[in-house]
Amino acid sequence: MADIHLDGVGHSYDGGRTWALQPMTRTWRDGRAYALLGPSGCGKTTLLNIISGLLRPTVGRVWFGNREVTTVPTAARNIAQVFQFPVLYEGMSVYDNLAFPLRNRKHARADVDRRVRAVSRLLGLDDHLPRRVRRLDPGRQQIVSLGRGLVRSDVAAVLLDEPLTVVDPGVRWTLRSTLKEIHRDTGHTLIYVTHDQTEALTFADEVVVLQDGAVVQSGEPTELFLSPAHEFVGHFIGSPGMNMIPAELVDGVVRVGDTAVGRAVGDDGALAAGPARIGVRPEFVRIPAVPALPGLPARITGIDRMGAYHLVHAEVHGHHLTAKVDTGSWYAPGSLEYFHFVPDRAFLFRGAVRCGSISALDATEDA
């Protein structure tokens, strides 16, 4: 096993007029679990297929450790790939399907049996080992397919392309934990494609967020949630996503209409005056029981009661604002409330890229 390095790798399906995957240089560290997260068409599967060898990049080179594999076929790359839908030998038993990748590589019979039964136990397949896979439901077949990808302990990487799509939602939680357990056991490099933020955030050591064929941010799940570097990350991660509100920077103070909501703190020095957008997650919007200044006046438009919490929706200067509050709170649609942002958890964006954050105002700056 070794690092996987992409050197200026990009891909176009139309001769370079448009890029399905914009040229990128990136290293996937040996033994880590990665999630490629983004909407359909953002380049996730294209990137995965370039790493696996199913697709040759239009530009750039692919390295496994110190070996260039750009033109090396999939079979010679020593990787395992699990697709969105089951790829199995339907006439074989579950046991034989799981054993096939090991037998094909001349593993000893005892080693094959030990590894098949270990993966079978983790995936809940013990009772199905003698059955023909054609007799299983599609979800169970996909679990077998997942097992085939995980049964080998000697691969350079395991690549998973939305492998839980056809699996019953109630089983997915268990399988995510199982994947993490297998990852700890084998030390494989795992690269997992998904459009489901919950899957990405609960499974991966590092989440790579793509939009329009480019990586907009990568990092640990907590970092992406607490400190998004791009508006798309704030929108795509979180349920609901980040609030985005137009604002103006005047003498270092962030204003929404006539209200000063905080002091601008630049990520790379002082920020120039002018328009910006405030990004703040609903988790970091507060509505004090006793109105306090400074506060952003907003009209309540509705409340969603979610069981463990409430989502309070409001309108400020024609823009939507949501706060996540506890179930003991009560607000009336149509009422005027004063919203506050948790200092250093509200961010400033220009050109969709984060440029700073909002800190608390001094008492003299409240007006």
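**Exercise 1. Place Ala360 in the chain, and find which residues it touches beyond its sequence neighbours.**

Solution. In this predicted model, Ala360 is found in the segment that comes after strand β21, which spans residues 353-359. Setting aside residues up to four places away in sequence, Ala360 touches Arg263 and Pro343. A further step is to compare sequence with space: Ala360 and Val253 are 107 residues apart in sequence, and their C-alpha atoms are 10.0 Å apart.

**Exercise 2. Trace the closed barrel, and describe how β12 and β13 pair within it.**

Solution. Begin with the order of the strands, which runs β11-β12-β13-β21-β20-β14 and makes a closed barrel of six strands with antiparallel pairing. From one strand to the next, the twist averages 45°. Then take one pair: strand β12, residues 253-256, and strand β13, residues 259-266, are joined in the antiparallel sense over four bridges. Within this pair, Val256 stands opposite Thr259 of β13. As background, strands of a sheet pair through backbone hydrogen bonds, and the pairing may be parallel or antiparallel.

**Exercise 3. Examine strand β6: are the residues on its two faces buried or exposed, and in which sense does β6 pair with β7?**

Solution. Consider the faces of β6, residues 79-82, one after the other: Ile79 and Gln81 lie on one side, Ala80 and Val82 lie on the other, and all four are buried. Next consider the partner, strand β7 of residues 157-161, with which β6 pairs in the parallel sense over four bridges. In this pairing, Gln81 stands opposite Leu159 of β7.

**Exercise 4. Describe the largest pocket and state which element gives the largest share of its lining.**

Solution. The volume of the largest pocket is about 510 Å³. Its lining is made up of 18 residues, and those lying nearest the centre are Ile79, Ala80, Gln81, Arg105 and Arg148. Two or more lining residues are given by each of β6, α2 and α4, the last of which covers 138-150. To finish, compare the shares: β6 supplies the largest one, with four residues.

**Exercise 5. Describe the nonpolar cores, and follow the contacts of Val207.**

Solution. The largest nonpolar core has 44 residues, and those with the most contacts inside it are Val94, Val116, Val144, Leu146, Leu160 and Val207. Helix α2, residues 94-103, gives this core its largest share, namely five residues. Now follow Val207: leaving aside neighbours within four places in sequence, its contacts include Ala35, Leu37, Ala200, Leu201 and Leu224. Separate from the largest core there is a second one of 30 residues, and among its members are Ala276, Ile287, Tyr331 and Ala346.

**Exercise 6. Find how many residues of helix α1 are buried, and look at what comes just after the helix.**

Solution. Helix α1 runs over residues 44-52 and is mostly covered, since eight of its nine residues are buried. The buried residues are Lys44, Thr46, Leu47, Leu48, Asn49, Ile50, Ile51 and Ser52. Just after α1 comes Gly53, which takes a positive phi of about 95°.

**Exercise 7. Explain why Gln22 is classed as partly exposed, and give its surroundings.**

Solution. Gln22 is found in strand β2, residues 21-28. Its relative accessible area is 36%, and because partly exposed covers the range between under 20% and over 50%, Gln22 is partly exposed. Not counting residues up to four places away in sequence, Gln22 touches Val9, Gly10, Asp212, Gly213 and Ala214. The C-alpha atoms of Gln22 and Cys42 are separated by 10 Å, with the two residues 20 residues apart along the chain.

Notes. Residues are numbered from 1 along each chain as its sequence is written. This is a predicted model: local features need pLDDT of at least 70, side-chain atom pairs count only at pLDDT 80 or more; totals for chains, interfaces and linings use all residues. Side-chain values use heavy atoms; hydrogens and water are left out. Two strands pair if DSSP finds at least two bridges between them. Axes are lines fitted to C-alpha atoms, for helices over the stretch in contact, and angles run from 0 to 180 degrees between N-to-C directions. Buried means under 20% relative accessible area, exposed over 50%, partly exposed in between (1.4 Å probe, protein chains only). A nonpolar core is a set of buried Ala, Val, Leu, Ile, Met, Phe, Trp, Tyr and Cys residues joined through side-chain atoms within 4.5 Å. Contact means heavy atoms within 4.5 Å. On a 1 Å grid over the protein atoms alone, a cavity is a set of points where a 1.4 Å probe fits but cannot get out, and a pocket is an open set with protein on both sides within 12 Å along at least five of seven lines; lining residues have an atom within 4 Å of a point. Grid points are joined across faces, edges and corners, and a volume is the space filled by probe spheres set on the points.
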